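This report covers one protein model. Topics run from pockets and cores to one strand residue and model confidence.

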Amino acid sequence: MKKVKSLKLAMIATAFVGALVIVLGSGGSFSWFTGETSATGEIKNGTLEINHGEDIDGNIVQAESFAPSQLIFGDWLSIENTGTLDTHLQATYDHSVDLNVPIDAYKVGYIAIKYTTTPGRDVYEDAQYKLDQLFNGITNEVQSFSHTAEANGVEVVAVLIDEQAYDENADQFVLGDGSLQGPDNEFWQLDEGQYIDLNFGVKLDENAGNEYQGAVYTASLEVLAKQTDQGAK
């Protein structure tokens, strides 16, 4: 009996060891080769800004003791696209006189130069000569709009502001209405990094009488930048 009992114990021990081997075998770990990829996205909005949001330096015109037939030129005024988006400019000119006299005795014209790289001084001198030509007499026959493309990507317009540019609803002269149509408005498209320099001239009619003595003429220029992609969806 003792021999049979020993045999049973030996068989149980053998079975236990086998089970332990199975348990240890099922508890092992494995590793796998892996690879991965990913994607990200970001949208940074552009900026629509002119002159860093600040007023234009300089005076449209500035004079004392102005008299009939005299012509005065103002400072060169600069408009810069300081944003990252191309823009259309809506530019309007408003003027008035503090006495009860007709304002149309003051004839107004301007020359504008559009560029990316600052042109030479000769371009400015030639432009001012063209502006002077516009005032060859208060009843001159010079065309009211002249647009020329100069060398090195410079564009020049010479304009005698007349009744055609007058907006009765807004009671002001429209130099560029901020839209895409028309050669006038094409000039007023300002791409990123581009400039428009303006120089105004004002002449008092040689027939202006004593009623204009002591009168004060004032003028203002408003420029609004508008997004070019008007059909954005």
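## Pocket

On a 1 Å grid over the protein atoms alone, a pocket is an open set of points where a 1.4 Å probe fits, with protein on both sides within 12 Å along at least five of seven lines. Lining residues have an atom within 4 Å of a point. Grid points are joined across faces, edges and corners, and a volume is the space filled by probe spheres set on the points. The model is predicted: local features need pLDDT of at least 70, side-chain atom pairs count only at pLDDT 80 or more, and totals for chains, interfaces and linings use all residues. Residues are numbered from 1 along each chain as its sequence is written, and side-chain values use heavy atoms, with hydrogens and water left out.

The largest pocket holds about 500 Å³ of space. Its lining has 23 residues; A63, F66, A215, V216 and Y217 are the closest to its centre. Two elements, β10 and β11, give two or more residues to this lining. Strand β11 has the largest share, 3 residues. By type, the lining divides into 15 nonpolar (Ala, Val, Leu, Ile, Met, Phe, Trp, Tyr, Cys and Pro), 1 charged (Asp, Glu, Lys and Arg) and 7 polar residues (the others, Gly among them).

## Nonpolar cores

A nonpolar core is a set of buried Ala, Val, Leu, Ile, Met, Phe, Trp, Tyr and Cys residues joined through side-chain atoms within 4.5 Å. Buried means under 20% relative accessible area (1.4 Å probe, protein chains only).

The largest core has 34 residues. Those touching the most other members are Y93, Y110, I161, L175, W188, L198 and F200. At least two core residues come from each of β2, β3 (87-97), β4 (106-115), β6 (155-161), β8 (172-177), β10 (195-204) and β11 (217-227). Strand β10 gives the most, 5 residues. A second core is separate and has 13 residues, including I111, A127, L131 and V154.

## Around Q172

Q172 is found in strand β8 (strands are DSSP E runs of at least two residues, numbered from the N terminus). Beyond four places in sequence, Q172 is in contact (heavy atoms within 4.5 Å) with T92, Y93, D94, A165, Y166 and D167. Q172 and S96 are 76 residues apart in sequence, yet 10.0 Å apart in space, C-alpha to C-alpha.

## Confidence

Mean pLDDT (the predictor's confidence in each residue, from 0 to 100) is 82, and 79% of residues reach 70 or more. Helix α1 (residues 2-26; helices are DSSP H or I runs of at least four residues) is lowest, at a mean of 52. Strand β2 (residues 77-80) is highest, at 97. Over residues 16-23 pLDDT is below 50, and this stretch has 0 contacts beyond near neighbours in sequence. Residues 138-142 also stay under 50, but have 9 contacts beyond four places in sequence.

Conventions:
Buried means under 20% relative accessible area, exposed over 50%, partly exposed in between (1.4 Å probe, protein chains only).
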